[in-house]
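Take a look at the model below. We will go from its surface to its helices, and then to its core.

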Amino acid sequence: MADTQEQPKPEISTSDKPTISFSIWPPSQRTRDAVTNRLVETLSSPSVLSKRYGTLPEAEAAATAKLIEEEAFAAASSTAASDDDGIEILQGYSKEISKRMLETVKARAGGTGEGHVAESASEGHVAEEESVTGSN
């Protein structure tokens with residue numbers, strides 16, 4: 001009978017396993033530029049928002065979109081935690097963009113139709129947030 005010795009199994013240390021880290025915050029400049037371009041399109045083209053508040057000329061929309069994105073990015077970045085994967089921050093960034101966009105178009109329109117604003121703004125906020133972030 002052959003002597004069968006059990007081969008010891010090599011121990012795998014947890015430090016030998018590659019660590020995979022995934023973070024979506026901060027977004028790349030390319031992503032921020034895409035958000036700004038989408039804002040320009042939303043502010044200057046017919047949309048749910050423009051039906052209520054009108055459109056902005058493209059040059060004004062471009063300047064406004066850049067300002068909205070920069071302010072939303074700064075606001076979201078100020079809430080960033082080092083151990084966060086960025087999902088909550090990204091959601092805050094998206095909400096800030098939507099909020100600032102609505103404030104801008106309402107102010108530009110002079111607040112016409114104030115009676116329906118609260119009701120339709122929440123509906124418009126959701127529709128435009130999906131439109132700006134590209135999620136449907």
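How much surface does the protein expose, and what share of it do carbon and sulfur atoms supply? The exposed area is about 9,300 Å², and carbon and sulfur atoms supply 53% of it. Keep in mind that this is a predicted model.

Now the overall plan. The protein holds 5 helices and 0 strands. Read from the N terminus on, the order is α-α-α-α-α. The protein has 136 residues, and 29% of them are buried. Contacts reach far along the sequence. Among contacts with a separation of 6 or more, 75% join residues 24 or more positions apart.

Start with helix α1, residues 29–44. This helix has 16 residues. Its first and last C-alpha atoms lie 22 Å apart, close to the 22 Å expected at 1.5 Å a residue. Which residues of α1 are buried? They are R32, V35, T36, L39, V40, T42 and L43. Viewed down the axis of α1, these buried residues fall within an arc of 165 degrees, so they line one face of the helix. Turn to the face directed away from that buried side. There, α1 carries the exposed residues R30 and N37. The buried set of α1 includes charged and polar names as well as nonpolar ones: R32 and T36 are listed along with V35 and L39.

Helix α3 comes next, spanning residues 58–77. Its 20 residues should span 28 Å at 1.5 Å a residue, and its end C-alpha atoms are 28 Å apart, which agrees. The buried residues here are A61, T64, A65, I68, E69, A72, F73 and A76. Down the axis of α3, they too fall within an arc of 165 degrees, so they line one face of the helix. The face turned away from the buried side of α3 carries exposed A59 and A63. What covers the buried residues of α3? The cover includes α1 and α4, the latter being residues 87–109.

That leads to the interior. In soluble globular proteins, nonpolar side chains tend to be buried together. In this model, the largest nonpolar core has 20 residues. Those with the most contacts inside this core are L39, L43, L49, Y93 and I97. Which helices supply at least two residues each? They are α1, α2 (48–53), α3 and α4. Two of the residues with the most core contacts, L39 and L43, also appear among the buried residues of α1.

Notes. Residues numbered from 1 in each chain as written. Predicted model: local features only at pLDDT ≥ 70, side-chain atom pairs only at ≥ 80, totals over all residues. Heavy atoms only, no water. Helix = DSSP H or I, 4+ residues; strand = E, 2+ residues; numbered from the N terminus. Expected span 1.5 Å × (residues − 1). Buried < 20%, exposed > 50% of the residue type's maximum accessible area, 1.4 Å probe, protein only. Arc of directions from axis to C-beta. Contact = heavy atoms within 4.5 Å. Core = buried A, V, L, I, M, F, W, Y, C linked by side-chain atoms within 4.5 Å. Areas by Shrake-Rupley, 256 points an atom, 1.4 Å probe, with all protein chains shown as cover.
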